[in-house]
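This report goes through the sheet, the helix packing and the salt bridges of one protein chain. The sequence and the coordinates are shown first.

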Amino acid sequence: MNLRKGLPTTKSYTMTTLYTHQGSNIAKTWFLMAMFFVLVIAVGYAVAWYMQTPALLYIAVIFALVMNVGSYWFSDKIVLKMTHAKLATLETNRELYNIVENLAITAGLPMPKVYIVEDPSPNAFATGRNPEHAVVAVTTGLLQILEKNELEGVVAHEMAHIGNRDILVMTVAVVLAGFIAIISDIMLRSMIWGGNGNSKDRHPAFLVIAIVGIILAPIAAQLIKMTVSRKREYLADATGALLTRYPEGLASALEKISGHAQPMKHASNATAHLFISDPFQGAPKKSMMQKIGGLFQTHPPAQDRIAVLRNMDV
């Protein structure tokens with residue numbers, strides 16, 4: 001692996017762009033976020049117009065922001081607690097610590113804290129509200145099955161999430177999705193209980209359109225959120241390959257990880273998007289949403305990611 005020693009760091013922590021995959025996925029992410037904002041405005045306008053009570057809309061916005069911004073601010077502590085991660089040091093995990101340190105230098109990022117999760121399922125994640133408060137964690141299962149160059153590929157992927165500010169992007173997506181779900185629920189309950197007096201005078205066609213809209217809006221928001229998450233995974237793959245100059249390392253690691261169909265012991269829907277691979281992989285499909293498959297997955301299919309990596313020209 002080539003390390004660019006002495007790489008100057010700046011507060012922007014801008015990561016070099018060499019692959020068209022990066023530019024493409026960044027553009028797609030912002031297009032999806034623009035769609036998100038349009039959906040938020042449309043649903044918000046419909047609720048305000050139908051209910052004629054803007055105050056409820058403001059309450060919904062404040063509630064969604066407080067809950068999700070709070071989650072973003074304390075994301076590292078929340079995720080580490082949920083996964084039972086333990087701090088790793090140079091003395092206890094020398095090879096992993098050195099890999100993280102070298103890649104932080106290469107990326108021009110501050111050294112993140114390193115954690116180990118006692119779990120036989122191979123996986124890894126990065127979290128933290130900014131590069132100065134970042135965390136990289138890997139499971140014991142991951143350390144057991146990967147060679148050094150494969151582990152470098154996984155850590156580079158996680159460092160890419162830190163450098164690309166993916167925690168911030170996904171927090172915004174979660175805020176918007178939560179907001180749409182809340183105001184749609186408010187509007188649905190208003191219709192069920194009769195709404196305000198003026199609502200009875202509205203044309204029946206509007207009521208039909210409104211009911212269909214409030215049912216489909218949260219589904220559309222969830223789809224956009226998951227699509228944003230998948231695009232950020234492709235972006236982190238490309239950026240991680242840039243850092244190591246060896247895409248095969250990450251491709252081989254993903255191959256091994258996807259071959260171990262074993263769910264994590266402390267998997268959570270709230271944190272699933274943070275991991276390099278779906279933490280529910282191999283778990284029985286119980287809910288209808290889980291059975292639908294690809295549309296609601298937080299991660300792209302492993303074989304697609306591997307194919308993209310192996311087609312890269314470094």
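In this predicted model, β3 and β4 are paired antiparallel, with four bridges between them. One of the residue pairs across this pairing is A124 with V138 of β4. On the β2 side, β4 pairs in the parallel sense, over five bridges. V114 has V136 of β4 as its bridge partner there. The two pairings belong to an open sheet of four strands, ordered β1-β2-β4-β3, and the pairing in the sheet is mixed. β1 (85–87) and β3 (124–127) are the edge strands, each with a single partner, so one side of each has no neighbour in the sheet. On average, neighbouring strands are turned by 25 degrees against each other, direction ignored.

The remaining pairing joins β1 to strand β2 (residues 113–117), which run antiparallel and share three bridges. L87 is matched with Y115 in β2. The table collects the three pairings.

| Strand pair | Sense | Bridges | A bridge pair |
|---|---|---|---|
| β1 and β2 | antiparallel | three bridges | L87 and Y115 |
| β2 and β4 | parallel | five bridges | V114 and V136 |
| β3 and β4 | antiparallel | four bridges | A124 and V138 |

How is β4 placed with respect to burial? Five of its five residues are buried, so β4 is largely enclosed by the rest of the structure. In a regular strand, side chains alternate between the two faces of the sheet. For β4 both faces are covered: V135, A137 and T139 are buried on one side, and V136 and V138 are buried on the other. Helix α3 (residues 75–83) lies across β1, β2, β3 and β4 (135–139), and runs at about 155 degrees to β3.

Beyond the sheet, the chain has 11 helices to go with the four strands. Of its 314 residues, 48% are buried. Among contacts with a separation of 6 or more, 76% are between residues 24 or more positions apart.

One helix pair is described here in detail. Two packed helices are characterised by the angle between their axes and by the distance between the axes. For helix α6 (residues 148–163) and helix α9 (residues 247–259), the angle is about 95 degrees and the axes are 7 Å apart. An angle from 65 to 115 degrees counts as roughly perpendicular, and α6 is therefore roughly perpendicular to α9. From α6, the contact involves N149, E150, G153, V154 and H157; from α9, it involves G249, L250, S252, A253, K256 and I257. By residue class, the contact of α6 with α9 has four nonpolar, five polar and two charged residues.

The whole structure contains six salt bridges. One of them joins D166 and R232, whose closest N and O atoms are 2.4 Å apart. D166 is in helix α7 (residues 166–192) and R232 is in helix α8 (residues 204–244), so far along the chain that what separates them is 66 residues. Both residues of this pair are buried.R305 takes part in two further salt bridges, with E233 at 3.5 Å, N to O, and with D237 at 2.8 Å, N to O. R305 lies in helix α11 (residues 302–310) and E233 in helix α8, so their salt bridge ties together parts that are 72 residues apart in sequence. The salt bridge of D237 with R305 also links α8 to α11, here across 68 residues. Together, E233, D237 and R305 are linked in a network of salt bridges.

Are the members of this network buried or exposed? Buried means a relative accessible area under 20%. R305 has a relative accessible area of 3% and is therefore buried. E233 is buried as well, with a relative accessible area of 1%. D237 is also buried.

What else does R305 touch? Leaving aside neighbours within four places in sequence, R305 is in contact with H157, E233, Y234, D237, L254, I276, H299 and P300. Among these residues, E233 and D237 are its partners in the salt-bridge network. H157 also belongs to the α6 side of the contact between α6 and α9.

Terms used:
Residues are numbered from 1 along each chain as its sequence is written. This is a predicted model: local features need pLDDT of at least 70, side-chain atom pairs count only at pLDDT 80 or more; totals for chains, interfaces and linings use all residues. Side-chain values use heavy atoms; hydrogens and water are left out. Axes are lines fitted to C-alpha atoms, for helices over the stretch in contact, and angles run from 0 to 180 degrees between N-to-C directions. Angles under 35 degrees count as roughly parallel, over 145 as roughly antiparallel, 65 to 115 as roughly perpendicular and the rest as oblique. Contact means heavy atoms within 4.5 Å. Ala, Val, Leu, Ile, Met, Phe, Trp, Tyr, Cys and Pro count as nonpolar, Asp, Glu, Lys and Arg as charged, and the others, Gly among them, as polar. Two strands pair if DSSP finds at least two bridges between them. A salt bridge is a side-chain nitrogen of Lys or Arg within 4 Å of a carboxyl oxygen of Asp or Glu. Buried means under 20% relative accessible area, exposed over 50%, partly exposed in between (1.4 Å probe, protein chains only).
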